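Biologist: Could you walk me through how to read this model? I would like the general idea of each feature and then the case at hand.

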Amino acid sequence: MARRTGAIAPLPITTFHAQARGGHYPPPRARPRQGTTPTGRIAMASAPQIEVPDPTALVREDKVHRSVYTDPAIFALEMERIHGRAWLYLAHESEFKAAGDYVVRHLGTQAVILTRDKQGAIHGIFNRCSHRGATLCAFDRGSAPHGHQCPYHGWTFNADGSVRFVSHPRNYDGVLDPADQAIQSVRIESYRGFLFGNLAADAAPPLLDFMGHMKTSIDDLVDRSPTGKVECGPYVLRHYYRANWKMTFENLNDTIHPGFAHAASVVSARNVASALPASEQPVATLGMMLANGKPIQFFQDIDMVTAPGGHSYIGGHMGASYTPDAQNGYVQAMTAFHGAERTREILSIDRHLMLLYPSSFWHARYQTVRILRPVRHDLTEMIGFVFRLVGAPDETYANAVEYCTGANSAASPVIADDLEIYERCLLGNGFGDQQWIPMSRGLKETREVTNAFTRSPATSEAFIRNQFAAWSSYMAQA
Ligand code: FES
Ligand SMILES: [Fe+2]
């Protein structure tokens, strides 16, 4: 058959063995390969071989192949090579107030229970019983001071995964030593109270090396506390969207889309703001929606900062002191703790979202952190948390909750736009002849390159190119 003009040559194929790991939900889908069995089915006697295009062939300097969003086999490989190697944000130490307090979070698609033990240490173990693999803990958070008991046969485990109790132990005399049945633990490291996990264990670099320059955005959040302490609030904002996990990463530092995708809320916000008395400052969500309508030249003038590892942030566009919580004693409390000069320095930092690739989004000014959890190539969960600056006026926390609810929840008019767009992009990349997606906006507009970071205009797609540079680097390593 004659080839169509402009058709793309088939990409080279590589294979990898899907590892059978506890906690995968759903299990990686294997693609039937011709000739694998007479019926074309995957032979189940051994780990299935999954075929994916050579990942390094899917990314060019200025474009990316659309299959990175649509192919379940690529998703499975990402979970092995990216989420299986990067440091992923899990929880904050303040979520574990007493011995036995736990939360269940994910490293990629693998569920992990984090629990504080009696000595105060926090452990991470896979959420699977070592007897027959049953999910051990069905709740997102709670207290298990006497250990986690499996609902199937009652085996019970300590915070560190060691076996505390095996039901009907005489059946195991001379057969199985419970001491050998500990649940596998995961490597955890903390930075200023924020806990990260890594599936690569000793092969992973130190957390600080992974974060590099981006640790300054976590400092930005914690330094805003007038006691040096922050506390994770009880509100958890959770929603799913039916599209690829990378689409959120490629959206949150994109300053061109708000004026278009969020145009309706910009118009509404202007109407609301025009009716406010001159003395009244808009609440943070309203300020954010108004800022979305700023002229593109405004965003061209501010900076986007990208750093090795796929991380990035953009300069603030809402104004650092947009809400009035600098009144009511906040600045005085900050000055008492940090001193006047340092307080001025801290409060003058004005960054919008920091994207810590590939798992979390940080907004220091409004003390919000969101975890992105990939579920399938076409399903993603977002989990949002709001932090209290210990010692700050209640109004500061109320403003942060207002912002997180208005800007990040599923009920937000802004998020609703974005979720619709992600689903449209996944749909559109599933058909038609166009195989490659350009990511060349601002390619020739780099402002500054240092060892720690690169500065570009905030209108650039430099952050997407930076993410795919990291993506390629992770995916190239077998
Ligand atoms: S599967 Fe957990 S005790 Fe049997
Ligand atoms: Fe958006």
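Modeller: We will go through confidence, overall build, the metal site and one helix in turn. This is a predicted model, in which local features need pLDDT of at least 70 and side-chain atom pairs count only at pLDDT 80 or more, while totals for chains, interfaces and linings use all residues. Residues are numbered from 1 along each chain, chains are lettered from A and ligands numbered from 1 as written, and side-chain values use heavy atoms, without hydrogens and water.

Biologist: What is the mean pLDDT of the chain?

Modeller: pLDDT is the predictor's confidence in each residue, from 0 to 100. Here the chain's mean is 88, with 87% of residues reaching 70 or more. Over residues 1–47, however, the pLDDT is below 50, though this stretch has 85 contacts (heavy atoms within 4.5 Å) beyond near neighbours in sequence. Where pLDDT is low, the predicted coordinates should not be read in detail.

Biologist: How many helices and strands does the chain have?

Modeller: Both are DSSP runs numbered from the N terminus: helices are H or I with at least four residues, strands E with at least two. The chain has 14 helices and 23 strands. Among its contacts between residues at least 6 apart in sequence, 69% join residues at least 24 apart.

Biologist: Which residues coordinate the iron ion (ligand 2)?

Modeller: Donors are N, O and S atoms within 2.8 Å of the metal (3.2 Å for Na, K and Ca); water is not among the atoms, so sites may look incomplete. In this model His257 (NE2), His262 (NE2) and Asp418, through two OD entries, coordinate the iron ion (ligand 2) at 2.1 to 2.4 Å. His257 lies in the loop between helix 5 (246–249) and helix 6 (258–261), and Asp418 in helix 13 (residues 413–428), so the pair ties together parts 161 residues apart in sequence. Both His257 and Asp418 are buried (under 20% relative accessible area; exposed is over 50%, partly exposed in between, with a 1.4 Å probe and protein chains only).

Biologist: Why is helix 8 described as largely enclosed?

Modeller: For helix 8 (residues 284–291), 8 of the 8 residues are buried, so the rest of the structure largely encloses this helix. Among them are Leu286, Met288, Met289 and Leu290. The buried residues of helix 8 pack against helix 7 (263–274), helix 9 (296–301), helix 12 (394–408) and helix 13. Across the chain, 51% of the 478 residues count as buried.
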